Amino acid sequence: MKTTTPKRLSSCVVISVLLSGCAAVQSANSTPYKLVYSSLESKNRSIYLSDESGQQRLRVVNATKADGYPAVSPNGQHIAFYGKYDKFKTWSIHVVDIDGTNLKRLTTAKYKWDSAPSWSADGNAIMFTREYKNDKGQWQEEIWTMKPDGSEQRQLPNLLGGGASFVGNTKVLFHTHAKPSQIAMANLDGSEFVTLTHDDADNRAPSLSPDGSQIVYLSNRDGNQEVYSMNVKGENHTRLTFNKEQDWSATWSVDGQHIFFTSENQTGFLDVFKMRRDGSAMQKILNNGSQISSVSNVNAQALENLIRTNQ
């Protein structure tokens, strides 16, 4: 990884501007389906939409019997997700329409783990993490981008890590590959590199709030992997969960007032929980769900089609 002197963020103004277009879409959309996640309601892992209480659920697709890490496009028409092949040794990114049609496999690199897709704010690119062992047996963690049709696949220069997501169209929020992993932000070309955590724990899987002011992430700094929050300057770190089980997949609600995350359950899978942004009023909303993310927009016609197929 290219060595760059860490810098402190002076404000979240730039991030707020980058995200302003998304906020307009969110306010104009009234669908109850605000969550997308990987579900084990049946024998296989499938992609589902849900409302924020977990009461209304719609199955979208079961492509590989091991589908996960779903993310809905800004225009509400498509879902990017990963599926597994070669006895789970190859992970590939796919896209599918919200109504479950027009499924397309985008990445096909054999024995590489492609996961956690994220859309750019304009919907013109998908970011994902690629993991694999190199010729020397060393584990690699790379950040890649591509067009929504799978073309122009390229690794981001000078950046190694995972849990990556677009900030607007030009920045990336991620955790570093170097151990212990730290939360960082940079331009897509690796410039303007900023490290936001500075400790001897693994800090992973960051998620930026809709207004661009806060970040939730996972850390094992207190012995168990829990959900934490901080501001975008890397200040005011706050532990939000206090569980015996490991927590995963922390993400924000569309309005930024709640946080959703998953926690290991006694069946060997995970359940989905909801809490206020300060960690209070925690409640379980979904059984056997994982890799959850929020949904700011759903195409109305596609949603009608999906509802019909679920009846």
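User: Which residue in E18 is the bridge partner of Tyr228?

Analyst: Arg239 is the bridge partner of Tyr228 in E18. This is a predicted model in which local features need pLDDT of at least 70, side-chain atom pairs count only at pLDDT 80 or more, and totals for chains, interfaces and linings use all residues. Residues are numbered from 1 along each chain as its sequence is written, and side-chain values use heavy atoms, with hydrogens and water left out.

User: How many bridges join E17 to E18?

Analyst: Strands of a sheet pair through backbone hydrogen bonds, either parallel or antiparallel. Two strands count as paired if DSSP finds at least two bridges between them; strands (E, at least two residues) and helices (H or I, at least four) are DSSP runs numbered from the N terminus. Here two bridges join E17 (residues 226–231) to E18, and the two strands run antiparallel.

User: What is the strand order in the open sheet that holds E18?

Analyst: The order is E15-E16-E17-E18, four strands with antiparallel pairing. E15 (203–208) and E18 (238–239) are the edge strands; each has a single partner strand, so one side of each lacks a neighbour in the sheet.

User: Which strands stand at the edges of the sheet E3-E2-E1-E23?

Analyst: This open sheet also has four strands with antiparallel pairing. E3 (57–61) and E23 (289–294) stand at the edges, each with a single partner strand, so one side of each has no neighbour in the sheet. Four bridges join E1 (residues 35–39) to the antiparallel E23, where Leu35 stands opposite Ser294.

User: Where does helix H2 lie?

Analyst: Contact means heavy atoms within 4.5 Å. Axes are lines fitted to C-alpha atoms, for helices over the stretch in contact, and angles run from 0 to 180 degrees between N-to-C directions. H2 (residues 300–310) lies across E2 (46–50) and E3, at about 100° to E3.
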